[in-house]
Amino acid sequence: MSNPTSEAGSDAPAGIRLQKVLAAAGLGSRRRCEDLISAGLVEVNGTTAVLGRRVHPDTDRVTVEGIDVATKAGLVYYALNKPAGVVSTASDPQARPTVVGYVPADPRVFPVGRLDAATEGLILLCNDGTLTQHLTHPSHGVDKEYLARLHGQPKPGALRRLREGVDLDGTPTAPAKVSLVEPDLVRITIHEGRNRQVRRMAEAVGYPVKHLVRIRIGPIRLASLAPGAYRTLSQEEVRSLERAAGGQASG
Ligand code: URA
């Protein structure tokens, strides 16, 4: 058994010393961070930490006086409202504008999944490969909610088919949540990520999409973000995404 509080011995202790993680997150010198721990102001996963505590910065939730500490040094997460006409790749052979052009260039981030060029709305960008993998892995099935303005006013039978699943390339789509917001405006929530899925589903039931906006990915909402604007996700939002994706829940 390794000794979790000792640096000595052949077994590497698990995690990084808490004061080192706090100092790296900008809370002052290691000495000052030790004082914060000794004063009982630091919690790890909801439990007051003592000196000698080690943590895993990627998975443990660290707070000082109840406020989240950014433990994952260098990882950034943005929510962008992608305008129509912008491609959601990191670079485009046709030189169209890309989503990465709307967020800071440094550190380099990558889109999490795709929106087709004509579709507007919420797209996440980050440099956290693990979270990206979890969110885009088909088995994790994070909900994605869209508002689709259709050509025509869908009848109840068409809405039922959208809900129950329509055949795309020989495979039915998984059950979807579908509701009518206005006679020609549908709210649709899917958890698959098939190519141009909403457009193809709507077309399959006879009401092609006129205008498509993604308004939610799991717990993250587009809300009042203007087209072309981005915001940085909070620590709590990142954690809620990890939980939604069945990844490294920590709190
Ligand atoms: N469905 C679509 O049709 N397009 C997207 O970009 C996403 C889902």
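This passage describes the domains of a predicted protein model and the surroundings of its ligand.

The structure is a predicted model in which local features require pLDDT of at least 70 and side-chain atom pairs count only at pLDDT 80 or more, whereas totals for chains, interfaces and linings use all residues. Residues are numbered from 1 along each chain as its sequence is written, and side-chain values use heavy atoms, with hydrogens and water left out.

The protein chain is assigned domain 1 (11-68), domain 2 (77-138 + 220-244) and domain 3 (143-217), the bounds being taken from an automatic or database domain assignment. Between the C-alpha centres of domain 1 and domain 3 the distance is 46 Å.

Around the ligand stand Leu115, Asp116, Thr119, Tyr146, Arg196, Gln197, Val198, Arg199 and Leu212, a residue being counted if one of its heavy atoms lies within 4 Å. Domain 2 and domain 3 each supply at least three residues of this shell. Its largest share, three residues, comes from helix α5 (residues 197-204); helices (H or I, at least four residues) and strands (E, at least two) are DSSP runs numbered from the N terminus. The shell has four nonpolar, two polar and three charged residues, where Ala, Val, Leu, Ile, Met, Phe, Trp, Tyr, Cys and Pro count as nonpolar, Asp, Glu, Lys and Arg as charged, and the others, Gly among them, as polar.

Polar contacts, pairs of N or O atoms within 3.5 Å, involve both side-chain and backbone atoms of the protein. An N or O atom in the side chain of Asp116 lies 2.7 Å from a nitrogen atom of the ligand. For an oxygen atom of the ligand, the distance to a backbone N or O atom of Arg199 is 2.9 Å, and a backbone N or O atom of Arg196 is 3.3 Å from an oxygen atom of the ligand. The protein buries 95% of the 240 Å² that the ligand exposes when taken alone, with accessible areas from the Shrake-Rupley method and a 1.4 Å probe.

Two backbone features fall in loops. Arg196, in the loop between β14 (185-190) and α5, has a positive phi near 45° although the residue is not glycine. A cis peptide bond, with omega about 0°, joins Asp106 and Pro107; Pro107 is placed in the loop between β7 (77-82) and β8 (110-112).

Methods:
Polar contact = N/O pair within 3.5 Å; in protein donor to acceptor, adjacent residues only side chain to side chain.
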